[in-house]
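Please look over the sequence and the model below before reading on. The paragraphs that follow take up one residue and then one sheet.

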Amino acid sequence: MHSQSMWRAVLLLATMSVTLTTAQFPRECVTPAGLQSGQCCPSPAGAVGDECGSSTGRGQCVAIAADNRRHGPQYPYAGRDDRERWPLRFFNRTCQCNGNFSGYNCGTCRHGLTGPNCDQRVSVVRRNIMQMSAAEKVAFVNALDRAKRTVHPDLVICTRRYQEVFGPDGTPQFENITIYNYFVWSHYYSVSKTFLGAGQSSFGGVDFSHEGPGFVTWHRFHLLQLERDMQDMLGDPSFALPYWNFAIGGSECDICTDELLGARSTFDMSSISSNSVFSQWRVICESVEDYDSMGTVCNNTETSPIRRNPGGNVARPMVQRLPQPQDVLDCLELKAFDTPPYYSTSSESFRNTIEGYSAPQGMYDPVVRSLHNLAHLFLNGTGGQTHLSPNDPIFVLLHTFTDAIFDEWLGRHQPGEVVYPEENAPIGHNRRFNMVPFWPPVTNAEMFVSAPANLGYSYEVQWPTRAYTLSEIITIAVVVAVLVVAILGGVMTCAVRARSYRSAEALEPLLGDTYRGYSEDDRRLDKSQSVV
């Protein structure tokens, strides 16, 4: 499409409907010319005519493919939300990178690779934070805090609805955001309501990252992007996000210490200790009522401190304790990745179970909250509210463990892409849907793969073993008893036979001269005969 006709179409869409619009794109692409052309294919070297590093074989500029298959009934509108068929409202051409090259301009390497030609492997191993050394824990906390204060080198966010994307002077309304706040903002964007217009209630039955098959794939890429951004920030391609094994049972938050993610304040049960750097963090995307009623957009403005009171929700005793190790084992044994309606009401679904809307054994129960959901609700504060939860850095470690369970399930069951629903999942969750709001576009299917083999990272996890049931213990005892009896019987039989042989031998006469013996000469006569 020519840039002029493209721009006319965009303006026509803007006048026909009121849409929710926020977006994140490379800083290089959000110029008036870039937005009007619908093309985001920068050169990694900044050279004219070198789109996506095409002159050196890194990539090429291609048309974006967006999913157009049927989605589930949860979202009843069409053309009212910019996230539909992401990201075509904003751009229709992007870079497609070759081989091991990656990034919005094909200027970087795929995860787990480095070097000028992206052919040097790097070991990225995600470990249990409780098993890291004191120095490693300090380094991780410092890295998180640095990411909170470091402006993202490449991405900016749109701060106005689509009709207002160009300010009064024609300047595109985008602003800088820090690396960690972008991590928070992208999660908010994926769960925000659809703004239907002034005086109308925003539609909340839409979620591009939860309550559907894309829950595991969306959060996997979400973490991957943060990990990559922090690797670049630190200049360390081996940097890995640790995980929090939240399936330990009990009512204590073992990572809520000043050494790690912040202890409880002695002055306020719902605040973080002033001895922790995280007590100085402030949240973004908090003004949800304004966003929903006025159609405003979350930006990089920080407001309140993080709130957290682990296990302190006395009104809901069910969420006062963490999941048990057995819950993880039960979940891993479920054979189906997801089941119709591919929603938060699915039963016998691994995805709905790990997300926490089903009991660990797989049965859907509207009252139950387990595993991932239970860990969030246990935190009882910022981390327990979907639109705000990434503001609490525990979110990172909670989701790396959730992703570890997902990767373990993939390894055990080897399901293949075919088990991921191609259509009829909630909007945003079909297999080929480009996950919102990531750039360059990445589909759910691209994350539905083994991480060590395809995504350049692995987990170091000691999975709990399943305890034997009473019937299994009885069965094992019976088998052991039978074996013992058989062995004793065999020993006794051998002993009786040996005794009988010796008795018979004692009754035989001794060999005398009248009896022929086996001499050496006799044995040599028939060498072909076996000697027992």
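**A serine in a loop, and a sheet**

In this predicted model, S202 counts as buried, because its relative accessibility is 14% and buried means under 20% relative accessible area. The residue belongs to the loop that runs between α4 (179-191) and α5 (214-234). If its neighbours within four places in sequence are left aside, the residues in contact with S202 are K193, T194, F195 and D292. With one of these, D292, there is also a close look to be had at individual atoms: a polar atom of the S202 side chain lies 2.5 Å from the backbone oxygen of D292.

The second part to follow is an open sheet, in which three strands are arranged in the order β1-β10-β11 with antiparallel pairing. Because β1 and β11 stand at the edges and each has a single partner strand, one side of each is left without a neighbour in the sheet. From one strand to the next, the twist averages 45°.

The pairing can be traced strand by strand. Strand β1, made of residues 24-26, pairs with strand β10, residues 151-158, in the antiparallel sense over three bridges. Among the residues involved, Q24 has I157 of β10 as its bridge partner, while P26 has L155 of β10. On to the next pair, β10 and strand β11 (residues 174-178) are joined in the antiparallel sense over four bridges, and here the bridge partner of I157 in β11 is E175. I157 therefore appears in both pairings, with Q24 of β1 and with E175 of β11, in a sheet where β1 and β11 are the edge strands.

Note on methods. Residues are numbered from 1 along each chain as its sequence is written. This is a predicted model: local features need pLDDT of at least 70, side-chain atom pairs count only at pLDDT 80 or more; totals for chains, interfaces and linings use all residues. Side-chain values use heavy atoms; hydrogens and water are left out. Two strands pair if DSSP finds at least two bridges between them. Helices (H or I, at least four residues) and strands (E, at least two) are DSSP runs, numbered from the N terminus. Buried means under 20% relative accessible area, exposed over 50%, partly exposed in between (1.4 Å probe, protein chains only). A polar contact is a pair of N or O atoms within 3.5 Å; within protein, one must be able to donate a hydrogen and the other to accept it, and residues adjacent in sequence count only if both atoms are side-chain atoms. Contact means heavy atoms within 4.5 Å. Axes are lines fitted to C-alpha atoms, for helices over the stretch in contact, and angles run from 0 to 180 degrees between N-to-C directions.
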